[in-house]
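Student: I am new to this structure. Please take me through one sheet closely, and then add what you can about the ligand site.

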Amino acid sequence: MLINLISDTVTKPTKGMLDAMMSAAVGDDVFKEDPTVNALEEKVAKLFGMESALFFPSGTMTNQTAIKLHTQPGEQLICDKYAHIYNYEGGGVSFNSGVSCRLVDGDRGTMTAAQVVASINPPDFYHSPLTTLVCVENTANKGSGTCWDFQELQKIKKVCDEHQLGYHLDGARLWNAMVEKNETALQYGQLFDTISVCLSKGLGCPVGSLLIGTKEHMNKALRIRKIFGGGMRQSGFLAAAAIYALDNHVDRLAEDHKKAKEIGKALSVKSFIKKVEPIETNIVIFEIDESFMTSDQFVHTLKEKDILIIGMGQGKLRMVTHLDYTDEMHEKLLKQLVAI
Ligand SMILES: Cc1ncc(COP(=O)(O)O)c(C=O)c1O
């Protein structure tokens, strides 16, 4: 039994999901004639109370499209130093949009409204890049699945309004945050100009993300998606998986969170563990006390027991719970951790 905790992206479609995919009605979505994609886009726009949504192949592409929508070359966006858009999207911010990032030294991937204000360049000081966008990530992946304080997000919205800044949410794992904090999609829809959500992470789809916003923004996003090469044809097969996941796989995320917290507890009592980051959702980030063993040695020890985890750099390791991580696997992992 292989236990893969490298990411929540490693899941394979369930039988129910595959059945939904196989019976999907499809058409050519580049001509907007795929009924299942259209149904998914309508469903998600309605869920968030926003005007329109657009289906994309990846969360990287939805984020990059949003950044392109909100900025012009030479401008600057504000994000936390841990942000996925800054660290893990291949430098797309500069490659695609010619934009720089002003990094905030936040708390586990989150920042305060005061930090955002302090990061805005004065618009009449033409020597500095013009600040035009604030990007936040909920949950914050590198911060260990951190959930944002909703009130802080509201305060940042106010700052964005006062300074005429776009406000984008990388909600790759927003589903996890909403389940954990009992928040609704409507609350988020009221706050942001654009929201990116992923279906291929906790929700267990093979592919797919959506960008959500105004009709005007999504009309522009359609062109940008085309330029990025993200137009898909009979993508209704994938949209069917997404609709199935939205109907069946959201509430169960609480199970992943419970398991992650139990893993964290099991790790924190081990003498060779230096630190476990607070666990709020499905991501466990921890550090090994290297006077006992190196983090590479720990990864290797687990690998020999058919347990796969990943390094995050700077001695940090990560485990992510997900739909394919069963109760049986969880029991085995906890036992193995006791035995090491
Ligand atoms: C927070 C966050 N945003 C965006 C992405 C990008 O998603 P994708 O892998 O679909 O491009 C990821 C992927 O792991 C992520 O963790």
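Tutor: The sheet comes before the ligand site.

This is a predicted model: local features need pLDDT of at least 70, side-chain atom pairs count only at pLDDT 80 or more, and totals for chains, interfaces and linings use all residues. Residues are numbered from 1 along each chain as its sequence is written, and side-chain values use heavy atoms, with hydrogens and water left out.

Start with the strand order. An open sheet is built from 4 strands, running β9-β10-β13-β12. Their pairing is antiparallel. Strands here are DSSP runs of E with at least two residues; helices are H or I runs of at least four, and both are numbered from the N terminus. Two strands pair if DSSP finds at least two bridges between them.

Now the edges. These are β9 (273-276) and β12 (310-313), and each pairs on one side only. From one strand to the next, the twist averages 35°. Angles run from 0 to 180 degrees between N-to-C directions, along axes fitted to C-alpha atoms (for helices, over the stretch in contact).

Look at β9 again. Together with β10, β9 forms a hairpin, with 6 residues between the two strands. Strand β10 covers residues 283-288. Its antiparallel pairing with β9 has 3 bridges. V276 stands opposite F286 in β10. In a regular strand, side chains alternate between the two faces of the sheet.

A helix joins the picture. Helix α13 (residues 295-304) lies across β10 and β13. Strand β13 spans 316-320, and α13 runs at about 30° to β13.

Next, the ligand site. Residues around the ligand (a heavy atom within 4 Å) include S58, T60, N63, H84 and E89. E137, N141, A172 and R173 are also among them. So are G59, D170 and K201.

Three polar contacts (pairs of N or O atoms within 3.5 Å) can be placed. A polar backbone atom of G59 is 2.8 Å from an oxygen atom of the ligand. In the side chain of D170, an N or O atom is 2.7 Å from a ligand nitrogen. An N or O atom in the side chain of K201 is 2.9 Å from a ligand oxygen.

On its own, the ligand has 390 Å² of accessible area (Shrake-Rupley method, 1.4 Å probe), and the protein covers 83% of that.

Notes
Contact means heavy atoms within 4.5 Å. A polar contact is a pair of N or O atoms within 3.5 Å; within protein, one must be able to donate a hydrogen and the other to accept it, and residues adjacent in sequence count only if both atoms are side-chain atoms.
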